[in-house]
Amino acid sequence: MRKRKTRITVSAVTALIMMLSLTLTGCGGNESDYDPLEGVETQMVLDDSGRDEVEIPAEITRIAPSGATATMMLTPIASDLMVGIAASPSVDQEKYLPEELLYLPTFGQFYGSKSTLNMESLIEAEPQVIFDLGDKKVTVKADMDSIGKQTGIPALFYDGTLEHMADTYRTLGKLLGREERGEEIAEFIDRTVDMAERNSAKNFYNLNKNFTNGEDRERFRSSPVIIINNASE
C-alpha cells in the first residue's frame, strides 16, 4: 500500500509547540554604529540558505525574528532572548504567548504581500542575530546576505517546514546554548508527526477493509479525492 499523505500542517505543529511552551516554562542602509560582532568571541556557522559559513557571536543573548513564522518557532525555545516580534499579537494569540513578548517592539516581516520590515526599529533593538525560519524561498541566499549588509546584523535561515522542523529546533538549541530544550521540542514534533502518520494509515486501512466487496473498494480507490491525493504525493 502506498504511504498516505500526512494530514498535519506546520501551523498545527507550531500551535502545539506554543501550548507546550506555556506548560514548560523603515527601510534603508545601515546608518547605525551598532556591530554585534565587535569585541566579542565569534563562531562560524552554516545555515540552510546554501551560503558559506556566517560569522555570529559565540554566545547569543539577543535575537530577532524575520516574521510571524519565526516568531512562533522561536517563542518556545527562546522567548526571553527576543528583542522584538513581527507584529502585535491578536487577543486570541496572546493566550499562547509569554507575557514578556506582549510588550516588545514590532519590526514587521521580510516576506509576503504584507512585507513591512522596519529596519530602523530592528537595528535600534540591537539583536545579535536575525533568524528567518520557514519555507526555503528561491531568493533566500541573496535575501539573507542583503539583510545582513543593510542592518549590519548576521541573518540566518533555517528550514521551518514540517519535514525539517525537528532538526531546526536541534540546531537552534545548539546555537543558543539550549540543546536540552531544543531536543525536547524536536522529540515532541517527531512524536506528533509519527502519531498523525500512524492514525492516517490506520483510518485508511479500516475504511478500505469495511467495503463489502472488491468492486466497492475499486470505486473508492478511483474516487476524485483519492486521485488528487495520490497525484500530490
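Of the 233 residues of the protein, 42% count as buried, where buried means under 20% relative accessible area, exposed over 50%, and partly exposed anything in between (1.4 Å probe, protein chains only). The model is a predicted one, so local features need pLDDT of at least 70 and side-chain atom pairs count only at pLDDT 80 or more, while totals for chains, interfaces and linings use all residues. Residues are numbered from 1 along each chain as its sequence is written, and side-chain values use heavy atoms, with hydrogens and water left out.

On the surface side, the protein exposes about 13,000 Å², with accessible areas coming from the Shrake-Rupley method with a 1.4 Å probe and, for residues, only the protein chains shown counting as cover. Carbon and sulfur atoms supply 50% of that area. As for secondary structure, there are 9 helices and 5 strands; these are DSSP runs numbered from the N terminus, with helices being H or I of at least four residues and strands E of at least two. Read from the N terminus on, the elements go α-β-β-β-α-α-α-β-α-β-α-α-α-α.

Leu-37 is a handy place to start. This residue sits in the loop between helix 1 (10-23) and strand 1 (42-45), and it counts as partly exposed because its relative accessibility is 23%. Setting aside residues up to four places away in sequence, Leu-37 touches Thr-42, Glu-55, Ile-56, Pro-57 and Pro-154, a contact being heavy atoms within 4.5 Å. Pro-154 is 117 residues from Leu-37 in sequence, yet their C-alpha atoms are 9.0 Å apart in space. Glu-55, another of the contacts of Leu-37, belongs to strand 2 (residues 54-57) and is partly exposed, at 35% relative accessible area. Glu-55 also joins Asp-33, Asp-35 and Glu-38 in a negative surface patch. Patches are made of residues with over 30% relative accessible area and no salt bridge, with like charges joined within 9 Å and nonpolar side chains (Val, Leu, Ile, Met, Phe, Trp, Tyr) within 5 Å. Lys and Arg count as positive and Asp and Glu as negative, His and the chain ends being left uncounted; the place of a charge is NZ of Lys, CZ of Arg, CG of Asp or CD of Glu.

Next comes the stretch around helix 2. Ser-66 is found in the loop between strand 3 (63-65) and helix 2 (68-78), and it is buried, with a relative accessible area of 4%. Leaving out neighbours within four places in sequence, its contacts are Gly-108, Gln-109, Phe-110, Phe-131, Asp-132 and Leu-133. Helix 2 itself is largely enclosed by the rest of the structure, because 8 of its 11 residues are buried. Those buried residues are Ala-70, Thr-71, Met-73, Leu-74, Thr-75, Pro-76, Ile-77 and Ala-78. Further along the chain, Leu-117 lies in the loop between helix 3 (91-94) and helix 4 (119-124) and is buried at 9% relative accessibility. The C-alpha atoms of Leu-117 and Gly-67 are separated by 8.6 Å, although the two residues are 50 apart along the chain.

Then there are the salt bridges, each defined as a side-chain nitrogen of Lys or Arg within 4 Å of a carboxyl oxygen of Asp or Glu. The count comes to 8. In one of them, the side chains of Arg-51 and Asp-47 meet at 2.4 Å, N to O. Both ends of this pair are buried: Arg-51 at 10% relative accessibility and Asp-47 at 8%.

Two further pairs sit within helices. Arg-170 bridges to Asp-167, with the closest N and O atoms 3.3 Å apart. The two are separated by about one helical turn, because they are 3 residues apart in helix 6 (residues 165-175). Here Arg-170 is partly exposed at 23%, and Asp-167 is partly exposed at 46%. The buried residues of helix 6 are Met-165, Ala-166, Thr-168, Tyr-169, Leu-172, Gly-173 and Leu-175. After helix 6 comes Gly-177, with a positive phi near 70°.

In helix 7 (residues 179-209), Arg-181 and Glu-184 are likewise 3 residues apart, about one turn of the helix. Their closest N and O atoms are 3.0 Å apart in a salt bridge. Arg-181 is buried at 14%, whereas Glu-184 is partly exposed at 35%. Salt bridges that share partners also link Asp-167, Arg-170, Glu-183 and Asp-190 into one network.
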